[in-house]
Amino acid sequence: MPDKQRAGSGASVWTIMRPVQGQIRFAMVLAGLAAACALGALSVLAWTVHALLAEPGQWPWLPLGLVVVLTVLAFVLRLSAFNQSHYAAFRLETLLRTDLARHLARVPLGFVQQTGSGALTKVVMDDVKALHVFVADSTPLYARAYVSPVLTFVLLWWLDWRLALAATAVLAVGMAVVSLAMRGSGEMMQRYHAAGEHVSKAVVEYVQAMPVVRTFDIGTTTFQRYQRALDEFMEVVLQWYRMAGFSSRLSMAILNPLPTLAVLVWLGGWLISRDALDAATWLAVLLVGTGMAESLLPLMSLKHLVTKTQMSIHRIQEVMAEPELPVPQEQQARTPVDGSVCFDQVDFRYTSDGPLVLQNASFKVPQGSVTALVGPSGAGKTTVARLIPRFWDVSAGSIKVGGVDVREMLPDVLMQHVAFVFQDTFLFADTVANNIRLGIEGATMNEVMAAASAAQAHDFIERLPQGYDTPVGERGVFLSGGQRQRITIARAILQNRPILVLDEATAFADPENEAALVAALSNLMRGKTVLMVAHRLSTIRGSDQILVFDQGRLAERGRHDALVAQGGVYARLWNNYEKAQDWALLGEQA
Ligand SMILES: Nc1ncnc2c1ncn2[C@@H]1O[C@H](COP(=O)(O)OP(=O)(O)OP(=O)(O)O)[C@@H](O)[C@H]1O
């Protein structure tokens, strides 16, 4: 955690709770009152004993009744405090999750993609949960840990200032020793949590990469990384345990009632022997004063909890601090006038200090035409495709859809005009039909089926156990890559948006699937403005325009034949492609 964060962290715990501050304060007041009542019960108990001693045959009904009332009140107040803090925690949890979800819907999609779903899920689920636990359980304890010792001290002072000072002195020495023993524990806690995170990341990587791991490196490299993270964690845990164990045993030894009791007994006895104290006051001091040490103990465990919660808050705030994509005012927003796409002197870098990934890219895709983006790996093709839906905003220049800068239209208007079919298809844990009609809730079953037929998906969907009502995704049926792709194509066909951005699928091993996919794509592309990132050059020979990217620059543009004749980058790519086809053929003949 950066120093800046650590310095301001005390404040940040309370800042993030601002929406439920009132309720938390109320819970803390109730907890403080509960502590006061508990203390009051002890004082009245002393009074009761005193009255009993003064008149042994008489039951002091009034003080006895008061003890019962105060004890019950303390109990009820403490319960209500926890009730309130739990309500506040649930409200805060819901508010934070809603805010995070809303914010994630407005930050650049690129941030979501780059951060990764695992890390974002952890923030939205685990870190918000950690905050819930803190608010629910710790805020009332906080109030008690501060109110009890202070009130006890005031009461003791009122009873006898000498004994009050003696009890406080014992505690002050105890606290000083404990603080000395706990020096550096904050840093140790941070190391402990950092090592814990390291292990969870290594586990996620190990599990997620299992198919690759088992095929390529027999698991050794990734496993070693996992093992190293575990060893490091173990080392930190042992160190932390030794340190925390020692300091917690020490605080229990010192902050327990016995040392205070011993001092109060000795000093009280001595004062009584000199007639400087009466027995009833001494008794009251003994009853009240011994609890003072114990009431400080929660402060120690709360310190650990605060450190842990601060780390969660830091991660939540990091996500919330990601700037949202600027969106125009509704009155000033504009609407595309046709289905064209235009890049005007676009520069783009992923990070403010990173290299230019696109430089001065200018091109126009007229309505209803097909444009293919080709170029060597890393040339910037996918980046061009992802800038259109504003995964990120350009660093310089502009991108126009239908003659309007994408930054000047409302996000849903942009979405209504552009459909995307990317390689990493995502299906929701819902039925096949609902996956197809995603975003168009009103679509009838006939429309869904027509879209599926055009996407060459109808036949295999019909063969699924419950046809269109078969659940897919998590705990649903397993679909092949080609089948999943065709479902997303059916979705795009149903959406019927004028502009289509395609990241062409890399070869699917099964030729039958590939033929179906090509047919599905050509149905999807009919009549649309198409921008297609092409990996297999065979599919783009008929394109109206081929844009050849090389190292972030638009190196060549034109139709297939002209580009081949030109003898430049495209001609080289084409030659290589043809050679590869020949090798494949030779391989098949052998
Ligand atoms: N999220 C990212 N953050 C930083 N740099 C990135 C990111 N994505 C891509 N790049 C870089 O931008 C450059 C262009 O990448 P891009 O994916 O657009 O190339 P491409 O032409 O689509 O490549 P391929 O054909 O291999 O998919 C590359 O140098 C790549 O390393």
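In what order do the strands of the open sheet of 6 strands run? Keep that in mind while you get your bearings. One caution before clicking: this is a predicted model.

**The whole chain**

Colour the protein chain by secondary structure and you should find 21 helices and 10 strands. The chain has 590 residues, and 32% of them count as buried. If you like contact maps, take the contacts between residues at least 6 apart in sequence: 79% of these join residues at least 24 apart.

**The annotated membrane segments**

Next, select residues 26-49, 61-81, 141-159, 165-182, 250-273 and 279-302, which an unreviewed UniProt entry annotates as "transmembrane region". Zoom in on residues 26-49: this stretch is 100% helix and 0% strand, with 35 Å between its end C-alpha atoms. Then try residues 141-159, also 100% helix and 0% strand, where the end C-alpha atoms lie 27 Å apart.

**The 6-stranded sheet**

Back to the opening question. Show the strands as cartoon and read across the sheet: the order is β6-β7-β8-β3-β9-β10, the sheet is open, and the pairing is mixed. Click on β6 (418-421) and β10 (553-558), which sit at the edges; each has a single partner strand, so one side of each has no neighbour in the sheet. Look along the sheet for its twist, which averages 20° from one strand to the next.

Now bring up helix α18 (residues 481-495), which packs on this sheet and touches β6 and β7. The direction of α18 makes about 170° with that of β6.

Stay at the β6 edge and turn on side chains. Val 418 and Phe 420 point one way, Ala 419 and Val 421 point the other way, and all are buried. β6 pairs with β7 in the parallel sense over 4 bridges, and Ala 419 stands opposite Leu 500 in β7.

Leu 500 is a handy stepping stone, as it also stands opposite Val 530 in β8. Strands β7 (residues 499-503) and β8 (residues 529-533) run parallel and are joined by 5 bridges.

Jump to the other end of the sheet. Here β9 (residues 545-550) and β10 pair in the antiparallel sense, again with 5 bridges. Label Asp 550 and find its bridge partner in β10, Arg 553. The hairpin of β9 and β10 has 2 residues between the strands, and Gln 551 there takes a positive phi near 50°.

**The 4-stranded sheet**

Which strands make up the open sheet of 4 strands? Select β2, β1, β4 and β5, in the order β2-β1-β4-β5, with antiparallel pairing. The edges belong to β2 (358-365) and β5 (404-405); since each has a single partner strand, one side of each is left without a neighbour in the sheet. In the middle of the order, β1 (residues 341-348) and β4 (residues 396-401) pair in the antiparallel sense over 5 bridges. Phe 343 makes a good marker, standing opposite Ile 399 in β4.

**The ligand**

Finish by selecting the ligand and its surroundings: Gln 114, Tyr 350, Val 357, Gly 375, Ser 377, Gly 378, Ala 379, Gly 380, Lys 381, Thr 382 and Thr 383. Which helix gives the largest share of the shell around the ligand? Highlight α13 (residues 381-387), which supplies 3 residues. Colour the shell by class and you get 3 nonpolar, 7 polar and 1 charged residues.

Key:
Residues numbered from 1 in each chain as written. Predicted model: local features only at pLDDT ≥ 70, side-chain atom pairs only at ≥ 80, totals over all residues. Buried ≥ 20, exposed ≤ 12 C-beta atoms within 10 Å, placed from the backbone. Contact = placed C-beta atoms within 7 Å. UniProt positions renumbered as here; feature names shortened; annotations may be inferred. Near = placed C-beta within 6 Å. Nonpolar A, V, L, I, M, F, W, Y, C, P; charged D, E, K, R; others polar. Pairing = 2+ DSSP bridges. Axes fitted to C-alpha atoms, helices over the stretch in contact; angles between N-to-C directions.
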